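Me: I have a structure open and would like to learn how to read its features. Could you walk me through it?

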2 protein chains.
Amino acid sequence: MVKITDVARHAGVSPSTVSYALSGKRPISEETRQRVEAAILELGYRPHAGARALASSRSNVLALVIPLRTGIHVPVVMQFAVSVVTTARRYDHDVLLLTQEEGEDGLRRVADTALVDALIVMDVQLHDPRLPLLRSLDRPSVMIGFPAEPDGLTCIDLDFKAAGEACVEHLARLGHRVVALVGSPPEVYVRGTAFAQRVVQGFTAAADRSGLSSSVHPCEASPGAARLVAEQLLREQPALTGVVVHNEAVLEPLIDAFEQLGLRVPGDLSVTAICPDELAETVRVPVTSVALPSAEVGERAVQLLMKKLGGSAVPEATLLPPRMTERASTAPRNA
Amino acid sequence: MVKITDVARHAGVSPSTVSYALSGKRPISEETRQRVEAAILELGYRPHAGARALASSRSNVLALVIPLRTGIHVPVVMQFAVSVVTTARRYDHDVLLLTQEEGEDGLRRVADTALVDALIVMDVQLHDPRLPLLRSLDRPSVMIGFPAEPDGLTCIDLDFKAAGEACVEHLARLGHRVVALVGSPPEVYVRGTAFAQRVVQGFTAAADRSGLSSSVHPCEASPGAARLVAEQLLREQPALTGVVVHNEAVLEPLIDAFEQLGLRVPGDLSVTAICPDELAETVRVPVTSVALPSAEVGERAVQLLMKKLGGSAVPEATLLPPRMTERASTAPRNA
DNA sequence: GCGTGGCGTCGAAGCGCTTCGACGGAGGAA
DNA sequence: TTCCTCCGTCGAAGCGCTTCGACGCCACGC
């Protein structure tokens, strides 16, 4: 293994000079820097991560906690994860993957052993048992999602309440009077998953404000469940003309089911969704949707963490405003 | 931060004794061990990961490389990942997540900086550019998937060729004479992804052996694509009575499409699949399938790696034999 | 009784890097 | 010219842990 002293000897400088040339923490003359860089290249030097972590008390590793509970949509979660990894690399950090198998002990362990410098926590519940732990840790963290009481923590997410409102208001503007929300699987609400609840809040509040008649329907993530919900909706609410879907897995099956039941989209029924643009665009009938900006959320989560690691203060809450794109699935009511 | 010297003082022993009590690498009297453990508990001691890595040249971290290329089925990949993380924890290791953004440099970097002790590589291509790199690294690795030339490397996967054969043989046994394979998206074959190719090999070979007429149809991962393939199959092969599906995303949409086209499953058409049992069981018509044992593959990949880290030799190739479960989607031809 | 060999423990030497204080020299101010 | 400052570099002291060699002690065999 080639180490910093080898590079130093080869470049005719001291090890500390090599270190400073690498980190830029002290000025180094252009000429020296070039000799050092040449030596590094020639010898194929790579600083030893452990030694670096020990000496600098920085591991340059972030923990990413992905619970992967039932009912979540895995591809969407992975989009966040990829975005986190990619952005972390831009800041010269790596990402340690934690699932929830170990529970909260895993978080404490990686923090206390200094394996990671900071943590990103996904799938936050309204009353998440990890909150007190995160507050007590001596390392910064960012949550993707909003708990009921985010005091003292840093959170970022799409403003799901506003997203729910935006969908309803869009439908109201088009003249629809009876709307329904097809939501996440029931267990997601039972757990008190923040983002799902907030969509319901926004949806209901906006419907009330606009004087719409509204109803909420959790839905399992399977085509069969989608069919059942579609049938139930038609049976119980024959006047229904507007649907908001907040469940990636059933978006397409649900539209299929409606059409098989004789309802044209958007002719008889307007559909909006809260989902990644990529999905909304590739459904057979492209769906008017509020984008789920996973790439942006992941990126900004890492940026917030980097700021905190740098000692800067960051806002406790970052709510990304909903961005709605109109596509072929919505139309005026009497169209 | 509480360190090993604090524990040693508190327990009235030397730091090396604490270390040996923890690692078990030298005998320690029962009484001393208990005093040490009590001190650790009382002080809340956690060994510093960097210091440990530096002194022992073991980081206790594995790299998990997940390319996430287009056309792969993300939930299945995540099942592998979760299994890897869970198993790694059982061996007191953590998992660093690498995507392919960085390309091969990322692998080299984490290996050369001693950030990780070993690597697990997923989504292997037949002629994977990472192979020479893995051979040249000074750290052990295991690939999930088989390249064309696995010499000098360690690979593990389901025996996809045998899985393809098993599906065909099952259909042949039931009297079917014309069969089709609905496979992964085209780009997966274009890239030369090992497992997809092997299914085709097994499927074709077994069909030829049994004198069946067969055809292969790549299929994009969308319900729309599934419908198109279904229509095409009926048009071009009216005598078709057996279908093998190797594409998790279209399994259910495909069956739906067949039924909408007037074919009952399994009355008119028998369907088998290669997919996780969990999926096969929850389709509307439970599907006879060869299991994709992601949990077992992930677990065994880690076990292989641990053996290699322990200095033991391991077999170059581990092919898990296919395990078929009959469900409601297959029936004799003239049923 | 004395040699022998474990067992259990200790002390010290690193592992490879960062960082702090120090220092020589060049340049500017007075 | 002299003094001060700042730039660029060096040497040394750790960071917290593991591990190697050494050593005292006790039990055992002859």
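**Reading the contacts**

Reply: Happy to. Let's start with one charged pair: A:Asp277 and A:Arg323 meet through their side chains in a salt bridge, 3.3 Å from N to O. This pair links distant parts of chain A, with A:Asp277 in helix H13 (residues 277–282) and A:Arg323 in the loop between strand E11 (317–320) and strand E12 (324–325), 46 residues apart. Keep in mind that this is a predicted model.

Me: Is A:Arg323 buried, exposed or partly exposed?

Reply: A:Arg323 has a relative accessible area of 46%, so A:Arg323 counts as partly exposed.

Me: What is the general idea behind such pairs, and how many salt bridges does the structure hold over all chains?

Reply: Side chains of opposite charge can pair when their charged atoms come close. Over all chains, the structure holds 48 salt bridges. For a pair within one helix, look at B:Arg300 and B:Glu296, whose closest N and O atoms are 3.4 Å apart. Both lie in helix H14 (residues 294–309) of chain B, four residues apart, about one turn of the helix. B:Arg300 is partly exposed at 31% relative accessibility, and B:Glu296 is partly exposed at 35%.

Me: How many salt bridges are there between chain B and chain A?

Reply: Eight salt bridges are counted between chain B and chain A. In one of them, B:Asp256 meets A:Arg227 at 3.4 Å, N to O. That pair runs from helix H12 of chain B to helix H11 (residues 223–236) of chain A. B:Asp256 counts as buried, because its relative accessibility is 13% and the cut-off for buried is under 20%. Another joins A:Arg89 to B:Glu102, with the closest N and O atoms 3.1 Å apart. Salt bridges can also be linked: A:Arg89, A:Asp92, A:Asp94, B:Glu102 and B:Arg109 form a network of them.

Me: How do I read the interface as a whole?

Reply: The size of an interface is often given as the accessible area lost when the parts come together. Here chain B and chain A bury about 3,600 Å² between them, with 65% of it on carbon and sulfur atoms. B:Arg46, B:Met78 and B:Leu97 supply 17% of the area that chain B buries against chain A, more than any other three residues. In terms of contacts, 40 residues of chain B touch 40 residues of chain A. The interface also has ten residue pairs in polar contact, both partners being at pLDDT 80 or more.

Me: Which element gives the most to the side of chain B that touches chain A?

Reply: That is H5(B), with seven residues. Sorted by character, the residues on this side of chain B divide into 21 nonpolar, seven polar and twelve charged.

Me: And how many aromatic pairs does the structure hold?

Reply: There are two over all chains. For A:Phe160 and A:Phe195, the ring centres are 5.1 Å apart and the planes are at 50 degrees, so the pair is tilted. A:Phe160 sits in helix H8 (residues 160–173) and A:Phe195 in helix H10 (residues 194–209) of chain A, 35 residues apart. A:Phe160 is buried at 5% relative accessible area, whereas A:Phe195 is partly exposed at 27%. In chain B, the rings of B:Phe160 and B:Phe195 also form a tilted pair, with centres 5.1 Å apart and planes at 50 degrees. B:Phe160 is buried, with a relative accessible area of 4%, and B:Phe195 is partly exposed at 27%.

How values were computed. Residues numbered from 1 in each chain as written. Chains lettered and ligands numbered in written order. Predicted model: local features only at pLDDT ≥ 70, side-chain atom pairs only at ≥ 80, totals over all residues. Heavy atoms only, no water. Contact = heavy atoms within 4.5 Å. Buried area = accessible area lost by both parts, 1.4 Å probe. Salt bridge = Lys/Arg side-chain N within 4 Å of Asp/Glu carboxyl O. Polar contact = N/O pair within 3.5 Å; in protein donor to acceptor, adjacent residues only side chain to side chain. Helix = DSSP H or I, 4+ residues; strand = E, 2+ residues; numbered from the N terminus. Nonpolar A, V, L, I, M, F, W, Y, C, P; charged D, E, K, R; others polar. Phe/Tyr/Trp six-rings, centres within 6.5 Å; stacked < 30°, edge-to-face > 60°. Buried < 20%, exposed > 50% of the residue type's maximum accessible area, 1.4 Å probe, protein only.
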